[in-house]
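Welcome! Let's walk through a protein model together, one question at a time. Keep the picture open as you read.

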Amino acid sequence: MSASVVDNTVSSGNSSVAIPTDISGQILDLDEDDELEVFSKDTSTTQTDGSSFNASMQTSPASMINQYKFEEEEEDADTKDIFVTVDNPESHVTAIETYITYRVETKTTRSEFDSSEFEVRRRYQDFLWLKGRLEEAHPTLIVHPLPEKFVMKGMVERFNEDFIETRRRALHKFLNKIAEHPIFSSSEDFKIFLTAGSGELTSHKKQGPGFLSRMGETVKAVAAAVRGVRNRPQEFTDMQEYAEAFSQKISSLDKVTQRIVREQKEYLEELKECGPTYALWSQSEQELAEPLKNVAGCVDNCCKETEEQVKHLNDHLIPVLHEYVLCADTLKAVLRRRDNIQADFEGKTEALATKKADRDAMRDELDKAEDRLEWANNALKTDWTRWQKVMRTDLRSAFIDTAERNVSYYEKCLAVWESFLQSQRTDAEGNGKVDSS
């Protein structure tokens with residue numbers, strides 16, 4: 001899947017209210033079937049900028065700091081109170097589209113839920129909608145990325161089983177990352193996503209601004225990007241440099257690992273041809289028949305182990321690496337949104353200094369922009385630290401798991417060939433005794 005990630009966001013609903021501000025420049029993107037419905041009323045794509053906040057959210061600087069005081073450590077299994085599973089993908093074919101839905105099962109002990117268990121079916125664009133709502137309500141918090149979109153136009157069968165399973169695992173991880181987040185897990189939109197029937201969810205998704213409104217926000221985003229930020233605090237410049245360096249390193253590692261897996265698959269195909277060749281050869285070499293059969297058996301055993309090794313890398317290491325390639329794009333998008341909020345504040349500051357009319361109204365807008373900027377900065381700083389801890393835990397776990405699997409793989413292959421050598425030494429010693437007698 002080579003498509004690049006586009007930071008999509010979603011229209012605000014009844015849990016947020018609009019606050020005018022500049023937003024980061026984004027482009028409209030398509031769901032796997034959005035080429036048919038991108039302009040429909042229930043489209044889930046809009047712009048993310050920090051221009052909307054939860055209506056119940058306090059916006060004074062002091063309350064912002066308290067609200068975004070995250071826990072130092074992740075919840076463990078004993079204290080976790082919401083469990084989400086994504087499974088059972090189903091293909092749906094209609095006259096105008098083909099799409100996949102996934103079962104989302106939720107078990108929770110939270111009092112705000114009407115029941116302890118829920119089961120709904122969701123398609124990819126519903127996950128995209130949730131991601132956008134979270135980004136819109138919390139523009140400088142880091143939302144875990146969704147898997148990339150994969151569109152092959154002109155194909156009758158657009159999804160194979162491997163792709164569907166890869167996406168299912170990624171969607172499962174996305175929801176569990178949201179469930180583990182101290183702010184996102186309490187979002188009303190998250191609750192609606194987990195519990196609402198399809199009709200209720202569709203109705204909720206229609207409550208945001210329309211296409212023209214979103215295009216207007218995009219124009220504002222371009223203006224903010226052109227204007228830029230004049231006095232970015234050093235800590236956010238450091239974050240930007242870190243995000244760029246992290247992106248380069250993880251992208252390089254992702255590409256190299258994918259190339260290694262491709263080469264191992266090619267090696268495996270070659271290896272599979274060796275066993276039958278040795279076995280066939282043994283039929284015409286009576287004196288070498290037994291060693292050749294043993295070599296054929298060793299090669300076959302190594303084939304099985306290599307196949308498992310390739311599968312493990314493909315199913316466990318590559319998804320984690322690529323997931324954090326997408327995370328790097330998310331970090332850069334969050335930093336752009338923070339810069340746009342600061343650019344909005346700086347623009348209002350300059351306007352107040354140059355205009356004499358309506359100074360009271362402009363001062364009120366400036367105060368709101370200043371509060372919004374402080375909220376954005378505090379939220380980002382705290383969530384940045386949290387994200388780094390989670391990232392390091394995830395990557396460390398993936399590296400250790402891969403190292404253990406590599407050791408196991410090479411030990412098993414080594415044991416196969418050592419057994420062959422031992423059998424040949426035994427045969428040689430036996431033949432020596434026969435010859436001497």
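Q: What pLDDT does the protein average?
A: This is a predicted model, and pLDDT is the predictor's confidence in each residue, from 0 to 100. Here 73% of the residues score at least 70. The average pLDDT over the protein is 80.

Q: Over which residues does pLDDT stay under 50, with 228 contacts beyond four places in sequence?
A: Two stretches are worth knowing here. Over residues 151–157 the pLDDT is below 50, and beyond near neighbours in sequence that stretch has 5 contacts in the model. The stretch with 228 contacts beyond four places in sequence, where pLDDT also stays under 50, is residues 1–75.

Q: What is the order of the strands in the open sheet?
A: The open sheet has 3 strands, and their pairing is antiparallel. From one strand to the next, the twist averages 20 degrees. Reading across the sheet, the order is E3-E4-E5.

Q: Which strands stand at the edges of the sheet?
A: Look for strands with a single partner strand, since one side of each is then left without a neighbour in the sheet. That description fits two strands, one of them covering 117–123. The edge strands are E3 and E5.

Q: Over how many bridges do strands E3 and E4 pair?
A: E3 spans residues 82–93 and E4 spans residues 98–108. A hairpin through 4 residues joins E3 to E4. The two strands pair in the antiparallel sense, and the number of bridges is 10.

Q: Which residue in E4 is the bridge partner of Glu-90?
A: Let's follow the pairing residue by residue. Thr-85 stands opposite Glu-105 in E4. For Glu-90, the bridge partner in E4 is Thr-101.

Q: At about what angle does H4 run to E5?
A: Now we bring a helix up to the sheet. H4 lies across E3, E4 and E5. Its angle to E5 is about 90 degrees.

Q: How are H2 and H4 oriented to each other, roughly parallel or roughly antiparallel?
A: The axes of H2 (residues 124–137) and H4 (residues 188–195) come within 9 Å and cross at roughly 165 degrees. Angles over 145 degrees count as roughly antiparallel. H2 and H4 are therefore roughly antiparallel.

Q: How many nonpolar residues does the contact of H2 with H4 have?
A: From H2 come Asp-126, Phe-127, Trp-129, Leu-130 and Arg-133, and they meet Asp-189, Phe-190, Ile-192 and Phe-193 in H4. Sorted by class, this contact has 3 charged residues and no polar ones. The number of nonpolar residues is 6.

Q: Which residues in H5 meet H2?
A: The axes of H2 and H5 (residues 198–205) come within 12 Å and cross at roughly 45 degrees, so the two helices are oblique to each other. Their crossing is left-handed. On the H2 side the contact uses Gln-125, Asp-126, Trp-129 and Arg-133, and on the H5 side the residues are Leu-201, His-204 and Lys-205.

Q: What is the handedness of the crossing in which H3 passes H8, left-handed or right-handed?
A: H3 (residues 161–180) and H8 (residues 289–354) pack at an angle of about 55 degrees, with their axes 12 Å apart. The two helices are therefore oblique to each other. The crossing in which H3 passes H8 is right-handed.

Q: How many charged residues does the contact of H3 with H8 have?
A: H3 brings Arg-169, Lys-173 and Lys-177, while H8 brings Asp-315, Val-320, Glu-323 and Tyr-324. By class, the contact has 2 nonpolar residues and no polar ones. The number of charged residues is 5.

Notes. Residues are numbered from 1 along each chain as its sequence is written. This is a predicted model: local features need pLDDT of at least 70, side-chain atom pairs count only at pLDDT 80 or more; totals for chains, interfaces and linings use all residues. Side-chain values use heavy atoms; hydrogens and water are left out. Axes are lines fitted to C-alpha atoms, for helices over the stretch in contact, and angles run from 0 to 180 degrees between N-to-C directions. Angles under 35 degrees count as roughly parallel, over 145 as roughly antiparallel, 65 to 115 as roughly perpendicular and the rest as oblique. Contact means heavy atoms within 4.5 Å. Ala, Val, Leu, Ile, Met, Phe, Trp, Tyr, Cys and Pro count as nonpolar, Asp, Glu, Lys and Arg as charged, and the others, Gly among them, as polar. Two strands pair if DSSP finds at least two bridges between them. A crossing is left-handed if the near helix is turned anticlockwise from the far one by less than a right angle, and right-handed if clockwise.
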